[in-house]
Amino acid sequence: MIKNYIKIAVRQLRKQKMYAAIKIGGFALSIAACLLIGLYIRDELSYNKSYPDTSRIYRLVEYYAHDGKVEKGDDYPAPISNALKADFPEIEKSARLMPNSLFPGAGSNELRRADQMENTHEEGFTYADEDLLNILKMPMVYGDRTRALTEPNTMVISKRKADKYFPNQNPVGKVMYLNNDQTKPYKIGGVMENPPKTSDFQYDFLLTLNGIEFYKGEQTNWNASNYPDYILLRPGTNIDQLNKKITADINKNYLLPALLSISYKDAAKELQKLSFKLQPISEMHLYSYDIQDEFKHGDIRFIWLFGAVALFILTIACINFINLSTAKSANRAKEVGLRKVVGSTRFSLINQFLAESMLYSVLSFMVGILLTWALLPYFNLLASKTLAMPWLSPWFMPVILISSVVVGTLAGIYPAFYLSSFKPASVLKGSISAGSKNSVLRNGLVVFQFTASIILIISTFVIYNQMKYILNKDIGFDKDQLVMLQGANTLGDNGVKNLKDELLKLSSVKSVSVSDYLPIEGTKRNGNTLYNEGKSKVETGEFSQFWVIDNDYLKTFGIKLLEGANFAVNDKSGGVIVNQTMVKRLNLKNPIGKNITHGDDKMRIIGVVKDFNFESLRQPIGALAMVYGISPSVVSVKVSGGDMQNTIAQISSLWKSISPSQPIRYTFMDERFANMYADVQRMGNIFTSFAMLAIIIACLGLFALAAFMAEQRSKEIGIRKVLGASVQSITRLLSFDFIKLVAIAMLIASPIAWWAMNKWLQGFSYSAPISWWIFVLAGMVSIAIALLTVSFQSIKAAIANPIKALKSE
């Protein structure tokens with residue numbers, strides 16, 4: 001019987017080649033999209049789950065509730081790790097990480113072997129406690145994990161870096177220098193395996209925290225927060241109870257005394273707003289989009305969104321199958337009637353039609369897998385991933401087989417029940433044909449198809465409009481023609497000064513500034529609380545960024561000085577330049593000449609600059625204070641807009657003459673700025689791709705339906721032509737019904753898309769409005785695509801010779 005079902009299914013496939021191709025093609029495209037999204041989601045969900053004790057590893061997250069919102073972060077005072085281990089028996093191990101580039105050594109460095117002279121720039125440095133390796137149970141290639149970071153001035157490097165600097169050697173005990181600092185040699189204590197790709201801990205160099213004190217008293221200071229803390233819990237720990245105990249203990253026994261020691265206003269009241277919670281490390285990647293930390297995260301909201309997109313696209317393909325199966329019901333009606341007359345049961349007919357659906361599904365999955373394999377490199381480029389087809393994974397083929405059966409059943413079950421329900425008497429009288437011409441269900445499914453497609457189109461337009469807004473918004477500084485030379489700190493103070501002087505002699509160079517504090521993410525930051533003079537005991541102060549810049553900084557970055565004066569060369573006035581937000585938050589009426597304090601330091605305001613966006617546009621502009629000094633890792637060069645290639649060549653030649661043992665490394669400010677929003681660009685590209693795919697699949701179905709309806713109405717069209725109807729009127733008649741469905745879909749999709757994208761834009765402090773033209777354009781595009789799809793069949797039917805349609809009458 002099964003063999004017979006398959007034979008009939010193959011016969012039907014061969015008989016209706018165009019419809020079969022559309023069914024299989026639409027299914028295959030949707031399956032490819034689902035597989036690609038599935039691989040992406042699987043990769044995102046696997047982050048930080050490869051560690052042996054993943055279920056017991058947590059990080060501490062602080063929650064600070066004020067002004068009607070909750071701020072989350074993971075930076076803590078240096079002594080917190082020892083306090084947690086001492087006060088809570090539930091905690092087996094606790095270890096700190098310190099990747100903040102404010103402190104020398106963390107972030108990026110110029111690195112070299114002690115027995116070589118040439119420096120190489122390297123990223124991925126962080127300070128870490130020795131127990132971090134034990135908490136994560138990092139596998140070691142060389143060295144003992146439990147002792148690798150025990151001694152001061154030791155570091156653990158990854159296998160790929162060991163192979164780079166010490167090929168075919170055991171580097172344990174070897175010495176390396178950071179930034180040419182020969183007064184502080186680092187000995188390699190161990191080599192760890194490369195971090196897994198699905199880990200947020202993408203560090204190649206772990207510098208020990210043993211023996212480290214970045215300033216006097218830093219390791220016992222409870223009033224400065226720079227250290228994320230990771231915890232290994234004992235089995236069976238009650239997380240909710242421990243969260244409450246940590247909050248009560250840390251606030252009462254450590255933070256309150258620390259705040260009272262500096263006469264902090266309303267210390268006890270402020271700490272009531274602060275609480276601590278443990279976050280599983282397995283949730284860190286996808287559930288930290290609202291936590292201020294050092295990692296680049298995924299976002300669980302996007303996972304749900306992409307999952308919904310995959311479901312939409314698969315549903316559109318299933319709708320094509322249902323529509324075409326029911327639309328062609330008249331062609332199968334006589335077959336059903338005759339089968340029933342000769343004794344076939346409804347159950348056997350259902351099995352027959354489900355077998356056909358299964359055949360289409362299996363063939364579609366085969367083609368879809370090949371499409372996935374072919375499109376995967378392009379998708380990796382879009383999503384910035386390195387996904388691979390899991391051909392050899394034991395779960396892959398069973399999942400594919402089960403999915404093909406499930407999809408085939410879901411797509412075929414309604415047509416199977418519908419077609420098998422025909423009564424032989426009605427079929428043989430010919431009454432089925434009329435009913436197949438107009439189906440409320442079929443029209444409803446077409447509306448659903450285009451609703452999903454139009455939502456994706458509108459979303460794509462909104463994302464690209466927001467990206468355009470970001471790149472063209474007045475951000476308060478000039479990011480164009482700015483070349484940033486990196487790694488200049490290895491030159492020493494005199495070398496940096498010499499480099500700046502020589503650069504200014506080049507005709508193509510307008511100005512030069514030396515500062516690591518740049519108005520883009522990923523550069524040095526220093527957050528501190530500042531007060532009005534004499535108000536530190538009666539006001540809570542203003543948390544702000546505290547930057548070190550030189551006298552050419554404002555000129556080089558095109559930052560507007562609203563009032564007061566800039567710094568002088570070698571300024572020793574102790575003055576400070578603040579932004580408008582700082583003036584507003586400290587309630588300074590006439591700020592020039594007023595004093596503000598930072599700890600015991602008093603600074604006189606000498607200038608006020610116009611607010612500029614120094615963080616992502618996802619965040620509002622914060623308070624900023626800038627003092628004079630040299631922070632020499634980055635030299636920013638403002639160049640003229642002429643021959644950029646020649647200018648770079650001149651700068652490179654000059655660098656080589658000053659630092660022959662270190663290759664020049666430079667980036668452009670506008671490129672770094674655009675890279676801050678690479679995730680938005682990726683999201684836009686992915687949505688564009690899937691929107692196009694959804695439209696193609698929907699149009700395949702629309703094309704087939706238009707062909708079928710033209711075939712069904714061929715006699716009507718013939719009569720109309722005989723009576724004098726024009727080609728244009730017949731084309732309009734056949735096209736109007738479909739265009740009407742797309743228009744209805746547009747009316748349904750618009751409010752849904754507006755709501756969804758409005759929610760997305762709430763993640764930006766600065767966003768472009770969702771304008772009316774976006775919906776109009778999306779509607780015009782959708783109608784134009786639908787019109788092009790059906791017009792071919794409509795025109796073909798309109799110009800056909802009516803004699804061919806009427807010759808049998």
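Helices H2 and H10 are oblique to each other, their axes lying 6 Å apart and packing at an angle of about 45°. In this predicted model, H2 comprises residues 17-45 and H10 comprises residues 346-383. The crossing of H2 and H10 is right-handed. Classified by residue type, the contact of H2 with H10 contains 21 nonpolar, three polar and one charged residues.

A second helix pair is formed by H3 (residues 80-87) and H6 (residues 239-261), whose axes come within 11 Å and cross at roughly 120°. Because angles over 145 degrees count as roughly antiparallel and those of 65 to 115 as roughly perpendicular, with the rest beyond 35 degrees taken as oblique, H3 is oblique to H6. The crossing in which H3 passes H6 is right-handed. On the H3 side, the contact is made by Ile80, Ala83, Leu84 and Asp87; H6 contributes Ile246, Asp249, Ile250 and Tyr254. The residues of the contact of H3 with H6 comprise six nonpolar and two charged, with no polar residue.

Helix H6 also holds Asn243. The relative accessible area of Asn243 is 10%, and residues under 20% count as buried; Asn243 is therefore buried. When residues up to four places away in sequence are not counted, Asn243 touches Phe276, Lys277 and Leu278.

Among the strands, S19 (residues 575-579) is mostly covered, five of its five residues being buried. In a regular strand, side chains alternate between the two faces of the sheet. Both faces of S19 are covered: Gly575, Ile577 and Asn579 are buried on one side, and Val576 and Val578 are buried on the other.

Strand S19 pairs with two strands, S21 and S22. Strands of a sheet pair through backbone hydrogen bonds, in either a parallel or an antiparallel sense. With S21 (residues 601-609), the pairing of S19 is parallel and extends over five bridges. Within this pairing, Arg604 of S21 is the bridge partner of Gly575. With S22 (residues 624-628), S19 runs antiparallel, and the two strands are joined by three bridges. Here Ile577 stands opposite Met626 of S22. Gly575 and Ile577, which have these partners in S21 and S22, both belong to one side of S19, together with Asn579.

An open sheet of four strands was also identified, with the order S15-S23-S14-S24 and antiparallel pairing. Its edge strands are S15 (509-514) and S24 (666-668), each of which pairs on one side only. From one strand to the next, the twist averages 25°. Within this sheet, S14 (residues 482-486) and S23 (residues 634-639) pair in the antiparallel sense over five bridges, and Leu485 stands opposite Val635 in S23.

Helix H15 (residues 492-504) lies across S14, S15 and S23 of this sheet. The angle between H15 and the edge strand S15 is about 165°. Because angles over 145 degrees count as roughly antiparallel, H15 runs roughly antiparallel to S15.

Terms used: Residues are numbered from 1 along each chain as its sequence is written. This is a predicted model: local features need pLDDT of at least 70, side-chain atom pairs count only at pLDDT 80 or more; totals for chains, interfaces and linings use all residues. Side-chain values use heavy atoms; hydrogens and water are left out. Axes are lines fitted to C-alpha atoms, for helices over the stretch in contact, and angles run from 0 to 180 degrees between N-to-C directions. A crossing is left-handed if the near helix is turned anticlockwise from the far one by less than a right angle, and right-handed if clockwise. Contact means heavy atoms within 4.5 Å. Ala, Val, Leu, Ile, Met, Phe, Trp, Tyr, Cys and Pro count as nonpolar, Asp, Glu, Lys and Arg as charged, and the others, Gly among them, as polar. Buried means under 20% relative accessible area, exposed over 50%, partly exposed in between (1.4 Å probe, protein chains only). Two strands pair if DSSP finds at least two bridges between them.
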